[in-house]
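Colleague: Please take me through one part of this model closely, a pair of packed helices. Give me the chains as a whole beforehand, and a few other local details afterwards.

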Amino acid sequence: MLLRRKLVWIFGSLVALLLVTAVGAIWLLQGVLRELHHLDTHAWAIVKQSNRLATTISMVEIELYELELGRQRHLDRLIELVESMQGEVNGVSRSYVTELPENRAVFGRIRDAVSRFAVHVTALGTAQDPEWAAHHRREASAAAVGLRRDILLLTQSVGAHGEAEQADLTNRFRWLVLGLTIVFLAVINISIIALLRMTGMILKPVEKLVQATRELGKERFDWRVELDQKDEFDELARAYNSLAAQLQANEQRKLEMLGQVALTLNHELNNAAEIIELQLQLADRQAGGNPAMDRCARQIRESLNRMTRTVELLKQVRRIVLTDYVSGVKMLDLERSALPDEQNDPARAVNSAGNGTDAGPCG
Amino acid sequence: MRCILLLLLGVVLGAGLYALWQWTVRGQPSSGVLPTTMPATPDNAIRIGLIPEHDVLELRRSYKVLTDYLGRKLGRPVVPVTLSTYEAVLADLREQQIEGAFMGSLVGLLAIDRFGAQCLVKPELLDGVSTYRGLIFVRQDSPIRDLDDLRGRSIALLRATYAGTLFPLAELVKRDLINGQRAVRIVWMGTHDEVMEAVASGRAEVGAVKDLRYQAYVATHADHRFRILASAKPVPNNALVMRGDVADTLGRQIAEILLNMHTDPEGRTALAAISARRFIPCARAEYDPIYEITETIGPAWSLVGTSGPVPRRPGAR
């Protein structure tokens with residue numbers, strides 16, 4: 001569970017980091033979108049509304065002209081246009097750009113001019129006297145001229161302001177993209193490091209355990225696995241070390257027992273060998289140079305020497321290395337069992353079926 | 001467990017994307033501009049003319065409520081048509097561009113006289129008044145005491161109205177103050193309020209307006225004090241005059257609705273919009289004070305500001 005917890009922590013932190021980065025990026029980009037929306041609904045919308053206002057004024061002037069020429073008797077279209085004009089001015093007034101110092105005076109004049117314009121236009125509707133109607137038409141036209149001029153000024157000012165805002169926004173967006181790129185690169189690097197650490201947490205101990213298993217296969221019972229992860233791999237390493245120690249202890253006991261057996265054999269065989277050697281010397285004296293007797297005596301001595309050497313080797317056994325004796329039966333390989341550790345290579349072990357004894361002519 | 005987590009993740013992702021989409025869609029600005037083109041008048045619409053007296057925007061707004069009510073009751077659209085001059089309303093009646101109009105007494109009389117129009121109903125205002133009078137007035141501090149003192153003075157008048165033209169001209173004719181050395185100097189104004197302003201400011205020494213506008217002006221200009229020299233006989237205020245060919249059919253339907261609308265909550269709302277309590281019948285005989293003037297005004301009729309002959313009482317032709 002410790003390993004799982006560690007992995008969950010690392011993985012969870014990584015996911016949290018990615019989420020936070022994503023949310024932060026979205027939030028920042030939303031900020032840019034909000035600014036764009038603000039630009040669209042205020043600066044550019046004001047420009048559009050100002051243009052519409054100018055168009056409405058033109059349409060009002062057309063209606064006034066139609067009235068003057070007598071081509072139009074009805075005022076409803078004119079009323080609608082005046083109301084539309086007032087609505088457009090109110091729409092413009094709701095934007096913050098009209099409160100900017102450079103636009104406040106201009107917009108104030110526009111508002112006054114629209115009021116004057118509306119007054120003269122509506123007075124035109126009630127003026128029954130032709131001279132009085134002409135007076136109001138002239139005043140309305142003069143107000144319209146001033147309106148157009150101020151609307152143009154406002155449009156230019158708002159347009160310039162909008163362009164400046166847009167340039168600023170573009171610059172900020174550029175820096176934002178750069179910043180986000182750096183952040184995402186950093187996040188990618190952190191992710192790679194975290195993933196590498198996660199794999200390291202698993203692969204390193206696995207490698208060590210596999211290596212230890214291989215050494216165990218080579219009967220290197222003194223090989224130990226050292227881990228300091230404080231998790232399940234530590235437990236596995238301790239289990240392995242315990243097993244290796246047990247195997248090593250078993251091997252050591254076997255060698256000790258073999259050594260004791262060798263000592264016992266050495267003691268008993270040496271006594272017997274000495275007696276046999278003494279008798280052989282007596283037999284040689286009595287044989288009086290008989291070649292056949294000499295040959296037999298020589299073979300007996302060689303066999304005795306071989307026995308002595310075998311027992312000697314048995315005393316020098318360092319490990320248990322087996323070889324095949326007959327099918328299904330193994331015996332101790334004395335040569336290899338007595339070799340020093342660095343010369344012992346299980347890979348070179350020969351799976352022999354021989355019994356290791358020579359038959360002589362004396363037999 | 002894994003499937004549940006994946007499903008949950010899918011739901012959260014879907015919800016997030018939907019929220020993001022809604023945010024981007026909601027952020028689109030609206031145009032928020034009034035239309036600058038008028039919708040076309042339906043072919044079966046009833047057109048009722050309006051002649052603005054002081055605020056053409058306010059007049060149309062308030063009578064739109066009334067015409068909408070009429071339209072709902074009649075089952076046909078009723079459209080207000082705002083006319084620029086009294087001549088315009090007479091021309092529209094002649095050319096059958098409108099079925100009727102709410103009009104002043106002089107123009108109403110001309111419509112009755114020339115086109116056989118009929119006056120049907122008139123509004124009774126909140127104070128119970130359904131008529132108006134003409135007033136001739138001066139500033140409180142004026143040395144003019146009565147109409148005989150008008151010789152050589154300046155007088156502010158309105159064109160083509162009973163109170164602002166016909167009545168004062170008739171008084172001037174009686175006193176031979178139109179022509180010659182005793183003639184007054186006429187200053188033509190556009191609205192009743194402008195006449196009041198002209199007298200208050202001294203641009204004119206005398207003024208002639210309708211009493212209803214006089215009272216409204218005095219109520220809002222407490223610092224201006226005036227003195228009334230003469231007042232005319234009452235005549236119908238803003239009556240509904242229908243074209244002769246539709247007066248007995250469509251006119252009767254409309255009159256019935258208007259006469260009963262004060263019993264209907266919706267009707268009362270429409271009446272409140274035009275500052276009226278109810279509609280009451282209007283008879284042609286109520287215009288007789290105008291005939292009394294037109295029969296005596298003589299050549300001064302040309303100063304009234306309307307074209308065509310002097311209207312004569314029926315039976316006097």
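Modeller: Two residues are in contact when heavy atoms of theirs lie within 4.5 Å. Keep in mind that this is a predicted model.

With that cut-off, take chain A. Count its contacts between residues at least 6 apart in sequence: 65% of them join residues at least 24 apart. For chain B, the corresponding share is 77%. Chain A has 363 residues, and 35% of them count as buried. Chain B has 317 residues, with 49% counted as buried. Seven helices and two strands make up the elements of chain A. Along the sequence they run α-α-α-α-α-α-β-β-α. Chain B holds 10 helices and 13 strands.

Now the part you asked for. It lies in chain B, where helix H6 (residues 192-201) packs with helix H7 (residues 211-220). Two packed helices are described by the angle between their axes and the distance between the axes. In this pair the angle is about 55 degrees, and the axes are 9 Å apart. That angle makes H6(B) oblique to H7(B). The crossing of H6(B) past H7(B) is right-handed.

Which residues of H6(B) and H7(B) meet? H6(B) brings B:His192, B:Asp193, B:Met196, B:Glu197 and B:Ala200. H7(B) answers with B:Arg213, B:Tyr214, B:Tyr217 and B:Val218. By class, five residues in this contact are nonpolar, one is polar and three are charged.

H7(B) also has other neighbours. Its buried residues are B:Asp211, B:Leu212, B:Arg213, B:Tyr214 and B:Tyr217. These pack against H6 and against several strands of chain B. The strands are E4 (118-125), E5 (131-132), E6 (134-139), E9 (206-210) and E10 (226-231). B:Arg213, B:Tyr214 and B:Tyr217 appear twice here: they are buried in H7(B), and they meet H6(B).

Another helix of chain B is worth a look. H5(B) spans residues 162-174 and is mostly covered, with 11 of its 13 residues buried. The buried stretch includes B:Tyr162, B:Leu166, B:Phe167, B:Leu169 and B:Leu172. B:Glu171 is buried as well, as are B:Gly164 and B:Pro168. At the N-terminal end of H5(B), B:Thr161 acts as a cap. A side-chain oxygen of B:Thr161 sits 2.8 Å from the backbone nitrogen of B:Gly164. Just after H5(B) comes B:Asp176, with a positive phi of about 55 degrees.

Two sites in chain A complete the tour. A:His120 sits in helix H3 (residues 101-126) of chain A. Is A:His120 buried or exposed? The cut-off for buried is under 20% relative accessible area. A:His120 has 13% relative accessibility, so it counts as buried. Set aside its neighbours within four places in sequence, and A:His120 is in contact with A:His136, A:Glu139 and A:Ala140.

The other site is A:Asp324, in strand E1 (residues 322-326) of chain A. Its relative accessible area is 14%, so A:Asp324 is buried too. The side chain of A:Asp324 has a polar contact at 2.6 Å, and the partner is the side chain of A:Lys330.

Key: Residues numbered from 1 in each chain as written. Chains lettered and ligands numbered in written order. Predicted model: local features only at pLDDT ≥ 70, side-chain atom pairs only at ≥ 80, totals over all residues. Heavy atoms only, no water. Buried < 20%, exposed > 50% of the residue type's maximum accessible area, 1.4 Å probe, protein only. Helix = DSSP H or I, 4+ residues; strand = E, 2+ residues; numbered from the N terminus. Polar contact = N/O pair within 3.5 Å; in protein donor to acceptor, adjacent residues only side chain to side chain. Axes fitted to C-alpha atoms, helices over the stretch in contact; angles between N-to-C directions. Parallel < 35°, antiparallel > 145°, perpendicular 65-115°, else oblique. Left-handed = near helix turned anticlockwise from the far one by under 90°. Nonpolar A, V, L, I, M, F, W, Y, C, P; charged D, E, K, R; others polar.
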